[in-house]
Amino acid sequence: MEHFGSMLALAAPLGLGLAAVGSAYGIGRAVGSAMEAMGRQPEAAGKIQVAMIIGAAFIEALTIYVFIAYFVAMGKLG
Amino acid sequence: MTQPTKTTLGFDFILRSLKTTGILLLLCLVFVSPYAGFYTALAIMSAGIWSMINLYFLVALVRAAIRPGQLDKIQVAVLAFVKFPLLYLAGYFLLKIEVFGLLPLLIGFSLPLAVVVLKVVSRVLLGMDNTPTNNQLNEAL
């Protein structure tokens, strides 16, 4: 247990970084697919954009949750 | 008899969700404040408003950046500048404020998304986006 603090200090920023990379990949894929769909069906662009925005907002929220978890972990470190 | 207005899952859906979130936040401020304390209610309210502004700017940015015709680069740049550095800096300061607990902030950040999810679930349960199939149309005829 004595190394708990050091492990947490290493794991928290690492986890935050991984979450950021995952979110960036997710948003990139979502927007890329939405662009493709809009190119194929321009008349449905409005609906596709709304779905894309909601998806992007959810992915962004996940990163915010990880950021809050990071703050909690940092609070434990003191 | 008046016909009920048909609502669509367009940009107005997000604006309606934001309006609902605003009402919900006001209710939170009124009802959470006596039970959990003023700062808890204020933390939920601040995080909720931050999340609403974030979603609004996301919509504005997407609408400005992805549209047919000439792109207004200055508008896109201004929206991107407000959304990314300024708004995220404000979110960071919200998290850094000592009197605001992390759990109320988490609830506030999630509130607009919870509203969106509940609205979509209600649309699915009520079948508001269902289009009649050919068989159903034939049966009706």
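The exercises below deal with chain A of a predicted model and with one of its residues, Q49(A).

**Exercise 1. Decide whether chain A has the radius of gyration of a compact globule.**

Solution.
- Step 1: A compact globule of 78 residues would have a radius of gyration near 12 Å.
- Step 2: The value for chain A is 18 Å, so chain A does not follow the globule rule, which is 2.2 Å times the number of residues to the power 0.38.
- Step 3: The box filled by the C-alpha atoms, taken along the principal axes, is roughly 60 × 15 × 10 Å.
- Step 4: As for secondary structure, chain A contains 2 helices and 0 strands.

**Exercise 2. Describe the surface and the charges of chain A.**

Solution.
- Step 1: About 4700 Å² of chain A is exposed, and 71% of this comes from carbon and sulfur atoms.
- Step 2: Of its 78 residues, 28% count as buried.
- Step 3: There are 4 positive and 4 negative side chains in chain A, with 7 Å between the centres of the two sets.

**Exercise 3. Is Q49(A) buried or exposed, and which residues does Q49(A) touch?**

Solution.
- Step 1: Locate the residue: Q49(A) belongs to helix α2 of chain A, residues 45–77.
- Step 2: The relative accessible area of Q49(A) is 7%. Buried means under 20%, so Q49(A) is buried.
- Step 3: Leaving out residues up to four places away in sequence, Q49(A) touches M38(A), F11(B), V62(B) and I66(B).
- Step 4: With I66(B) there is a further detail: the side chain of Q49(A) reaches the backbone oxygen of I66(B) at 2.9 Å.

Notes:
Residues numbered from 1 in each chain as written. Chains lettered and ligands numbered in written order. Predicted model: local features only at pLDDT ≥ 70, side-chain atom pairs only at ≥ 80, totals over all residues. Heavy atoms only, no water. Helix = DSSP H or I, 4+ residues; strand = E, 2+ residues; numbered from the N terminus. Buried < 20%, exposed > 50% of the residue type's maximum accessible area, 1.4 Å probe, protein only. Areas by Shrake-Rupley, 256 points an atom, 1.4 Å probe, with all protein chains shown as cover. Lys, Arg positive; Asp, Glu negative; His and termini not counted. Charge placed at Lys NZ, Arg CZ, Asp CG, Glu CD. Polar contact = N/O pair within 3.5 Å; in protein donor to acceptor, adjacent residues only side chain to side chain. Contact = heavy atoms within 4.5 Å.
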